[in-house]
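Me: Hi! I've got a new model open and would like to talk it through chain by chain. Could you help me read it?

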Amino acid sequence: MKQNLPSSFVSVSKWFFAEKQVIYILLFTYLFITLVPLVWVLSTSFKSNEEAISLPPQFIPANPTLDNYLFVVTEPHIVHSLFNSFIVSIGSTVISVAISALGGYAFARFQFKGKNILLSVILGLFMIPVLINIIPLYIMFSQIGLLNSLLGLILTFQILIIPLNIFLLKSYFETIPRELEEAALIDGCSSLGVLRRITIPLSMPGFAIAAVLAFRFSWNEFILPIVLANRPDSMVFQVALYEFVSLYSIEWGYLTAGINIALIPILVLMLIFQKQMVRGLTLGAIRH
Amino acid sequence: MLILKSFEPYLFLLPSIIILFAFLFIPLIWNIYISLHDVSILTIIKDWDFIGFENFDNIFSDPNFYNSLKVTLVFVCGSVLLQFGIGLLIAILLNQQIRASGLFRTLFIIPWTVSTVITGFSFKFLFDDSFGIINYGIEKLGLESIGWFSDPNLAIWIVIVANTWYGTPFTILFLSAGLLSINPTLYEAATIDGATKFRRFFYITLPLLKSFILTNLILVTVWTINFFDLQLIMTNGGPLSSTTTLSLYMYKQAFEFGYFSEGAAVGILLIIMNIAIAFVYLKLFDVRNKK
Amino acid sequence: MAKLKILIPLTFTILSLFFISQMNIITIIAQEKITLTAIFAEPKERWDMLLENATKILNERHPDKTIKIDYRVLPYSDTRTQILTAMAGKTPIDLVSLDQIWLGEFAEGGFLSDLTANTQKWNKSSDWYTQNWEGGLYNGQVKGIWAWTDVRALWYWKDLLAKAEIDPEQLENWNGYISASKKLNQVFQKDGIQAMHLVGANHSPDMWYPYLWMLGGEILEKRDGHPTKQNYWYPIYNSDLGVKALQFLKDQVEAGIKPQINHYWGQEFADKKFAIMLEGSWLLGQFPKNEWSTLKEKIGMIPMFPVPNISNTNTSTLMGGWLLSIPETSQNKELAWELITIMLEPEVLIPMLLQQGYLPTQKSIGEGAYSEKLKSTIPYYEELVSLISLGKGRPNIPEYPIVAEHIRNAIEQVYNGMDPKQALDEASKQSAKALGW
């Protein structure tokens, strides 16, 4: 078999996949590209507003200060918006993972009438640019009293996440051997029982990723909340942050401090879910 | 019990369908309705005249529309190719037994957790023609500074770079999930059979990853086509409309100029475009499957 | 049973989230206050300052009521989007801030209340500068009150000009302006200081209109023979005067002045990245307040846009600023109007003007009894106020935003080498179509 491929191709591929050094070089190069703008954000957050846009740019602040962070975490409405963001993001993560798991499971495991049509419709709905839905959503929300409510945001954020997570979890469930579930079914488990006892534990890495995606979409969404919930008491963090980006000037110090604060929950979440993903992996190794 | 069984999949799907129907489908119907009527900032709270396909006619006779199609092509091809290429490569590298892969993955995901607004402003600042750090570095090296945002051929690439920086982590995350779902025992068997890493990649990894790759490509393409915030913040479509994609064109029609009907019509064209592209992807992947 | 175990916590989560989100609304109803809702554009401090005092006064005047102002301060473009969607959804809103160029669209769309009767009773219109009062009119009705304004003028660093041996007077005419730019660039290029600022951002038309106006040109004029409206606006900005005005921008580019795509609203000047900048009066706000008293020693200001010929051309400038309007959907129009009048009271308005460096639209604050405080605090205050009578606002017709887009495109084309006449002709063809010709 090997002789069929040109030898140089094989050696290139061998070099490519085998050499640990090359892997690390590539990873660190990408890490560098990823981090440059972030390091700038981090260093700016420790600068005063005047120093933030001074030339020549300094990567290490001349007079490092924590004032920006102090300002952001002591503004009552910004703290309140952080709290709102947590409620909305956690709420929509829980709901979307639950709902998409059910949906994804139905598509992965059942044969039913209209399955392909439904799947295409969900995919089709995902193609709608959310922007054109802003005005009808606003009108609808004002009629059912969901304007400026966190529940309203939790529900609308689902349209950004559900189609994506249904497809993700459908793909994930499909990789779990059917025989395991069939065995449990024969043992007298209901479909939901199978889902809970066999499928869910085996799908933890998938759920972990679905949750990260859901959290991130809710945490970062800006266009929907700024129109649908912009009252001071229902404002989310991304909208509140925009206060530092005004027509006349951008307050880089406060803005970057805010960005870094906004990063913390996602980083914590990622670290937690890393563990979850690895645990899922070891579980996966048990399946034959 | 048996009757319940046959309804089960529908019950499973009910919550998703209710939410999608209420918040995506009904607004879509509203958009289709207004795209056939004369709804603008001047008429939105008055009577809407039925005007058939006149809004679509207006769009098709607007040279800016055709320009935005061209820009969309460059923006989407550039962004998707870069995001997918880099994303797949990094996901595979992370899946090799390397140290601290969790830490790498966490760091790599950060750009995607920063909102588009912030990404846009940061890159705008980094690449600023006069005060940007990039041009400052170039001048330090003794070279002529570059007008990143004033050159119509260059500006779109800066937006693509920003979009790639921002979007690639999703592909890494998504394809990593796919790679983790592959049963390691398959590799072990192949290794015993003497297959090289290269062959294992093409004969085991890729086929098993197929559904993830397909979903990933569709998602990234659709997002990129519908994406407009980055262009809006970084260039507002300029210079010379060289970064006005169809989605930004839609935003401007609807919210800047107040032509809601035209905006809705462009939105519908975008949906059709998205569906057509998804269809092409599905066909492409089907063909490979049959071989 | 297994199903229940999943469903119960799920329902519980949904319900508890629902109650958390509704709690605030319940408390507001229980207290039975009158709440006025408002949408304003950033920056936020100016509204905080205005409303803190205005709310206090309003409540003192109505001891029987507890009036609360629920206001959101949004970014520029989102303010517009929010007003549009709120009107489409018929949401009751009592007060909005409008950019002067939005007035036409919003008035024509039927979003705004007619304030004519209120203003007649109020009887203060004669205290407004004519241009500013008329900026709030649409089809003869008062649709908004222009609350404060800004004018654009020429700012320069005194030490830089001295070092390059340039007499500031030279900047007052087109030829002198261009030759000064060449000299400044020669002297300061190596220090990373550019001679002059030329706007290449979205608002580039705003910085071109003054040249058009000073030559006697106009953006639009009313013409007979419109297909549907008989007498309506027609674009005439592509006249010879327009071409001449745009040629001056082209000359600047050819002299080595780079159009700036990004705009930092005077911060770039305050940071000494430019020796000379044509910029709005808000530029003063970019200097720390404690430097204002000595600012005249460091920076100079010429209250004009350069003119082609100093002896026989009057200069011109553009006035911007914000209007206060009451939406048609308001359910407390009388109270909202009272709030507007309080916000415009000199005692309430002046502290905010001082803080932000804005200019008043009321003569009594501009040059009358109330002006002393402003004169002594805001550098070059009198010179800037003198520009108000020379300044013009942009047309507040519904189609203005799209016409401005056409002009912006033409200017961009010229920056990239196109002939001004060709660029303006092409743009005006599109504008004529957008205006329904």
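Reply: Happy to; we can go through the chains, their contacts and the confidence scores of this predicted model.

Me: Great. What are the overall scores, ipTM and pTM?
Reply: The predicted model has an ipTM of 0.84 and a pTM of 0.87.

Me: Let's start with chain A. How many helices and strands does it have?
Reply: Chain A has 14 helices and zero strands. Going along the sequence, the pattern is therefore nothing but α, α-α-α-α-α-α-α-α-α-α-α-α-α-α.

Me: How much of chain A is buried?
Reply: Buried residues account for 50% of its 288 residues. As for contacts in chain A with a separation of 6 or more, 77% are between residues 24 or more positions apart.

Me: And chain B, what is that built from?
Reply: Chain B has 12 helices and two strands. From the N terminus the order is α-β-β-α-α-α-α-α-α-α-α-α-α-α, with both strands following the opening helix.

Me: What are the box dimensions for chain B, and what share of it is buried?
Reply: Along the principal axes, the C-alpha atoms of chain B fill a box of roughly 75 × 70 × 35 Å. Of its 291 residues, 48% are buried. Residues 24 or more positions apart make up 69% of the chain B contacts with a separation of 6 or more.

Me: How many residues does each of A and B put into their contact?
Reply: Chain A gives 78 residues and chain B gives 71 residues. On the chain A side, the elements with at least two residues each include α1 (7-18), α2 (20-44), α5 (76-109) and α14 (252-286). That side of chain A divides into 57 nonpolar, 17 polar and four charged residues.

Me: Now chain C. How does its contact with chain B look in residue numbers?
Reply: There, 23 residues of chain C are in contact with 20 residues of chain B. On the chain C side, α3 (76-88), α4, β11 (259-260) and α18 (400-415) give two or more residues each. The most comes from α3(C), with five residues.

Me: What's the split by class on that side of chain C?
Reply: The side of chain C that touches chain B has eight nonpolar, 10 polar and five charged residues.

Me: What about chain C itself, how many helices and strands?
Reply: Chain C has 19 helices and 16 strands. Its C-alpha atoms fill a box of roughly 80 × 60 × 55 Å along the principal axes, and 48% of its 437 residues are buried.

Me: Which radius of gyration does chain C have, and which would a compact globule have?
Reply: Chain C has 25 Å, and a compact globule with 437 residues would be near 22 Å, so the two agree.

Me: Where do the domains of chain C fall?
Reply: The domain assignment gives domain 1 (29-150 + 320-392) and domain 2 (151-319 + 396-434). Taken over C-alpha atoms, the centres of the two domains of chain C are 28 Å apart. Their contact takes 28 residues from domain 1 and 24 residues from domain 2. On the domain 1 side, α17(C) has the largest share, with five residues. That domain 1 side divides into 11 nonpolar, 12 polar and five charged residues.

Me: I'm looking at strand β12 in chain C. How many of its residues are buried?
Reply: Seven of the seven residues in β12 (residues 274-280) of chain C are buried.

Me: Which strands pair with β12(C)?
Reply: β6(C) runs antiparallel to β12(C), joined by five bridges. Strand β7 (residues 194-196) of chain C pairs with β12(C) in the parallel sense, over two bridges. C:Ile276 in β12(C) is the bridge partner of C:Tyr156, and C:Ile276 is also the bridge partner of C:Met196.

Me: Last one: where in chain C is pLDDT under 50?
Reply: Residues 26-31 of chain C stay under 50, and the model has one contact beyond four places in sequence for them. Where pLDDT is low, the predicted coordinates should not be read in detail. Chain C as a whole averages a pLDDT of 89, with 93% of the residues scoring at least 70.

Methods
Residues are numbered from 1 along each chain as its sequence is written. Chains are lettered from A and ligands numbered from 1 in the order in which they are written. This is a predicted model: local features need pLDDT of at least 70, side-chain atom pairs count only at pLDDT 80 or more; totals for chains, interfaces and linings use all residues. Two residues are in contact if their C-beta atoms, placed from the backbone, lie within 7 Å. Helices (H or I, at least four residues) and strands (E, at least two) are DSSP runs, numbered from the N terminus. Ala, Val, Leu, Ile, Met, Phe, Trp, Tyr, Cys and Pro count as nonpolar, Asp, Glu, Lys and Arg as charged, and the others, Gly among them, as polar. A residue is buried if 20 or more other C-beta atoms lie within 10 Å of its own, exposed if 12 or fewer, and partly exposed in between; C-beta atoms are placed from the backbone. Domain bounds come from an automatic or database domain assignment. The radius of gyration is taken over C-alpha atoms; the globule rule is 2.2 Å times the number of residues to the power 0.38. pLDDT is the predictor's confidence in each residue, from 0 to 100. Two strands pair if DSSP finds at least two bridges between them.
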